[in-house]
Amino acid sequence: MLIRDVRPWGGPRSDVEVAEGRITAVRPHDPAAATAPDTVEGRGRLLFPSFSDVHVHLDSTRIGLPFRPHTGAPGVWAMMLNDRENWRDAEVPLPERVAGTLERMIANGTTRVRTYAQVDVDCRLEKLDAVLAAKERFAKHADVEIMAFPQAGILREPGTVDVLEASLRSGATVVGGIDPCSLDKDPKGHLDVVFGLAEKYCVEVDIHLHEPGHLGVFSTDLVIERVRALDMRGKVTMSHAYELGSISESVSRRLIDTFAELDIAMATVAPSVDGQLSLADLTTAGVRVGLGEDGQRDYWSPYGNCDLLDRTWQLAFTNGFRRDDLIEMALAVATMGGASIMSHDVPRLAGIADRPGVAVGDRADLVLVDGETPTSAVMDRGKDRTVLHDGVVVADGLSVVG
C-alpha cells in the first residue's frame, strides 16, 4: 500500500509505503509518481499514529440513544447505584450499544482500546459478555483489551470476588481495583484480592483512584509496595489519580520518579481539577501516560462523543497548554502514549519533543486528519479522516469500512 501526499506529524509532504502491517518507507512526495489501486490519497493531510483510548467504559455507554437528563447523585457509590438502577432499561440492548460505540470510536481514528467491563453481584458477567462480543466483531479494526472492573468495590458485597475471578477466566486480561480506602474501607484486603488475582492469572492491574490528597497518596504507596514486592514492573496502571500532585513538590517528585523506576503507568481522562501530577514532568521522566474518554454519554455523565481528538483538545485545555510543543505532546500522549501502555513493544515517550509512530518500522496504525499543523488539528478537530489498522484502511469519512 502507498499512502500518498501526507505530512507525518506536520512535516514535509511525503509518500509512505506500508507492507505487512508496518511502515516500510517514508520518502518525499512525488506528484508524478504513478498510483496503484491500493493507494490512499492523502491530499496533503496530516499523518499521525492512530489514537489509543486506554480508559473507556464501553459497558455503560448510551452513545446513539436519545438524550436523557442526568439523574446521578454525587459520589462513586451513589453514581454506581444510579447506573445499576437504569442500565437494563435502555432503548436498545447492551450488546448493540457497546458495538455501536466501539464502531464510532474506530471511525474517528481510535484503533487501540482498553475498556472497563463492570463485574459485580448485580450484572455479574453480562456487561463483560457484551464487551467481549464487540471486541470479536471488530477484531480486524482495532485492538481491544478488557479490564474486569469491580465498580461497586470488592469487599462491600459478598460474592464479588467470585464474579471478578470468573471474569478473568472468561476473557478479561486486566484486573481492576477502585478507591481501596474510601470505597471498601479496607485497602489491604482490597489490594490483596487485586494483586492476588493478577498473580494467579498473569494479568495486569489498573487501579481506579478518585481518593483525595493524602489519602490518594497513601493508597498509591500501598500499590507501589506491592509492585516492588511482587516484581510487577510494567504491569500496573494508575487511572485518574486526580490529586497525587496536591501535597507538595517533593511528594510529586517522589511519585513521578518512582513511577518511572517501576514502570507504573498513568491514564488520564483530562479532568478539569487542580492537584494533578504535571503531564510534562511525567513525560519527561519517562512515565507511560495515556488518555481516555472515560464514560461516554452514560448514566454517570453526559460527556463523551467517541472522538479522542476532542479529548486531546480537552487535555491541552485543562492543562493550560498554549505552546505548540506542549499541545503536540498531548497528541503524542493520546496516540503512542496510550499504545505504550497496551503494548510494551512500544517504547515510552522520550520527553516532551518525542513524536513517534510514523517512522520506518513502526506499526501502520495511522490516522489522516485535515489541518495546517498538529496544533491546528487539535484546535479544529477536522472530520476529513482516514484510519488504518495493521496497514489496512478500516474507516474513511467517519464510517467504518471492511
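The expected span of a helix is taken here as 1.5 Å times one less than its number of residues. The notes below concern a predicted model, and they move from the helices to the strands and then to single residues.

1. Helix α7, residues 249-262, is a convenient place to apply that rule. The helix has 14 residues, and the distance from its first C-alpha to its last is 20 Å, close to the 20 Å expected at 1.5 Å a residue. Just after α7 comes aspartate 263, which takes a positive phi of about 55°.

2. The buried residues of α7 are Val251, Ser252, Leu255, Ile256, Thr258, Phe259, Ala260 and Leu262. The elements that cover them include helix α6, strand β10 (236-240), strand β11 (265-268) and helix α8 (279-285). When reading such a list along a helix, it may help to recall that an α-helix has 3.6 residues a turn, so residues three or four places apart point the same way.

3. Helix α6 can be checked in the same manner. Its 18 residues should span 26 Å at 1.5 Å a residue, and the C-alpha atoms at its ends are indeed 26 Å apart. Buried in α6 are Gly213, Gly216, Val217, Ser219, Thr220, Leu222, Val223, Ile224, Arg226 and Val227, and the buried residues of this helix pack against α5, β9 (204-209), β10 and α7.

4. What follows α6 deserves a look in the backbone angles. Aspartate 231 comes after this helix and is placed in the loop between α6 and β10; although aspartate 231 is not a glycine, its phi is positive, at about 50°.

5. The contact of α5 with α6 can be described in some detail. Helix α5 (residues 187-201) and helix α6 (residues 213-230) pack with their axes 11 Å apart and at an angle of about 35°, and α5 passes α6 in a right-handed crossing. From α5 the contributing residues are Pro187, Lys188, Leu191, Asp192, Phe195 and Glu199, and they meet Phe218, Ser219, Leu222, Val223, Arg226, Val227 and Leu230 of α6. By character, the residues of this contact divide into 8 nonpolar, 1 polar and 4 charged.

6. Strand β8, residues 174-178, is largely enclosed by the rest of the structure, because 5 of its 5 residues are buried. Both of its faces are covered, with Val174, Gly176 and Ile178 buried on one side and Val175 and Gly177 buried on the other. Strand β7 (residues 143-149) pairs with β8 in the parallel sense over 2 bridges, and the bridge partner of alanine 148 is valine 175 in β8.

7. An open sheet is formed by 8 strands, in the order β3-β2-β1-β4-β13-β14-β15-β16, with mixed pairing. Its edge strands are β3 (22-28) and β16 (399-400), each of which pairs on one side only. Within this sheet, strand β1 (residues 2-8) runs antiparallel to strand β2 (residues 14-19) and is joined to it by 3 bridges; isoleucine 3 has valine 16 in β2 as its bridge partner.

8. Leucine 398 lies in the loop between β15 (392-396) and β16. Leucine 398 is not a glycine, yet it has a positive phi of about 65°. Its relative accessibility is 32%, and it therefore counts as partly exposed.

9. Threonine 110 lies in strand β6, residues 110-118, and is buried, with a relative accessible area of 1%. If residues up to four places away in sequence are not counted, threonine 110 touches Phe51, Asp53, Met105, Ala142 and Leu308.

10. Two alanines in loops may be set side by side. Alanine 270, in the loop between β11 and α8, is buried, with a relative accessible area of 0%, whereas alanine 359, in the loop between α10 (324-342) and β13 (366-369), is partly exposed at 39%. Leaving aside neighbours within four places in sequence, alanine 270 is in contact with Leu291, Arg311, Gln314, Leu315 and Thr318.

11. Two C-alpha distances complete the picture of these alanines. Alanine 270 and threonine 115 are 155 residues apart in sequence and 17 Å apart in space, while alanine 359 and valine 121, with their positions 238 residues apart along the chain, are separated by 47 Å.

How values were computed: Residues numbered from 1 in each chain as written. Predicted model: local features only at pLDDT ≥ 70, side-chain atom pairs only at ≥ 80, totals over all residues. Heavy atoms only, no water. Helix = DSSP H or I, 4+ residues; strand = E, 2+ residues; numbered from the N terminus. Buried < 20%, exposed > 50% of the residue type's maximum accessible area, 1.4 Å probe, protein only. Pairing = 2+ DSSP bridges. Axes fitted to C-alpha atoms, helices over the stretch in contact; angles between N-to-C directions. Left-handed = near helix turned anticlockwise from the far one by under 90°. Contact = heavy atoms within 4.5 Å. Nonpolar A, V, L, I, M, F, W, Y, C, P; charged D, E, K, R; others polar.
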